[in-house]
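Subject: Structure for you to look at

Hello,

Here is the structure we talked about, with its sequence. My notes follow below it.

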Amino acid sequence: MPTSIRKIGNSQGVILPKPALAALGVAQGGAVEFIYETGKISIVPARSDPREGWEEDAKIVAAAGVTQEDREWLDADLTDEPADDWDAYTAEDRARVEAELFASGLVKP
């Protein structure tokens with residue numbers, strides 16, 4: 001379905017016919033994204049924010065509290081590998097070594 005580019009304010013645009021909007025599943029005011037490819041531009045419905053609703057969910061989880069089993073899972077090691085020598089250092093030792101590395105220029109802050 002051919003259409004033309006029209007002046008819209010200080011910009012130019014294309015009017016999307018009602019059947020095109022229906023095919024995309026969007027209505028007036030709905031969000032779309034442009035996908036730029038060599039020689040063409042595709043218009044697709046906008047993806048929702050992957051973090052949408054996280055704040056509300058976090059509040060629900062916080063209100064429910066943490067069970068002992070949850071605490072054990074949260075505190076569990078993330079790997080079965082044994083701790084390396086770095087883990088044996090105290091916080092002060094690690095800070096001193098990092099300061100020495102930064103001072104030597106081997107590591108950038």
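How far apart are the mean positions of the positive and negative charges of the protein? The answer is 19 Å, taken over 11 positive and 21 negative charges. Please keep in mind that this is a predicted model, and that the values below are computed from it.

Overall layout

The protein has five helices and four strands. Read from the N terminus, the order is β-β-α-β-β-α-α-α-α. The radius of gyration is 27 Å, whereas a compact globule of 109 residues would have one near 13 Å. Along the principal axes, the C-alpha atoms fill a box of roughly 70 × 45 × 30 Å.

Burial and contacts give further numbers. Of the 109 residues, 3% are buried. If one takes the contacts between residues at least 6 apart in sequence, 2% of them join residues at least 24 apart. The accessible surface comes to about 10100 Å², and carbon and sulfur atoms account for 56% of that surface.

Helices H2 and H5

Helix H2 covers residues 54-64. None of its 11 residues is buried, so H2 lies largely in the open. Gly65 comes just after H2 and has a positive phi of about 85 degrees.

Helix H5 runs over residues 91-104. Its 14 residues should span 20 Å at 1.5 Å a residue, and the C-alpha atoms at its ends are 20 Å apart, so the expected span and the model agree. Gly105 follows H5, and its phi is also positive, near 85 degrees.

Arg94 is a residue of H5. Its relative accessibility is 26%, which means that Arg94 counts as partly exposed, since that class lies between 20% and 50%. Between the C-alpha atoms of Arg94 and Val26 there are 55 Å, with the two positions 68 residues apart in chain numbering.

Two loop residues

Gly30 sits in the loop that connects helix H1 (18-24) with strand S3 (32-37). With a relative accessible area of 42%, Gly30 is partly exposed. Ala46 is 16 residues away from Gly30 along the chain, and the two C-alpha atoms are separated by 8.3 Å.

Glu81 belongs to the loop between helix H3 (68-75) and helix H4 (85-88). Is Glu81 buried or exposed? Glu81 is exposed, because its relative accessible area of 62% is over the 50% cut-off. From Glu81 to Glu92 the separation is 11 residues in sequence and 24 Å in space, C-alpha to C-alpha.

To go through the model yourself, you could begin with H2 and Gly65, which comes just after it, then move on to H5 and Gly105, which follows that helix. The loop with Gly30 and the loop with Glu81 can be looked at after that.

Regards

Notes: Residues numbered from 1 in each chain as written. Predicted model: local features only at pLDDT ≥ 70, side-chain atom pairs only at ≥ 80, totals over all residues. Heavy atoms only, no water. Rg over C-alpha atoms; globule rule 2.2 N^0.38 Å. Buried < 20%, exposed > 50% of the residue type's maximum accessible area, 1.4 Å probe, protein only. Contact = heavy atoms within 4.5 Å. Areas by Shrake-Rupley, 256 points an atom, 1.4 Å probe, with all protein chains shown as cover. Lys, Arg positive; Asp, Glu negative; His and termini not counted. Charge placed at Lys NZ, Arg CZ, Asp CG, Glu CD. Expected span 1.5 Å × (residues − 1).
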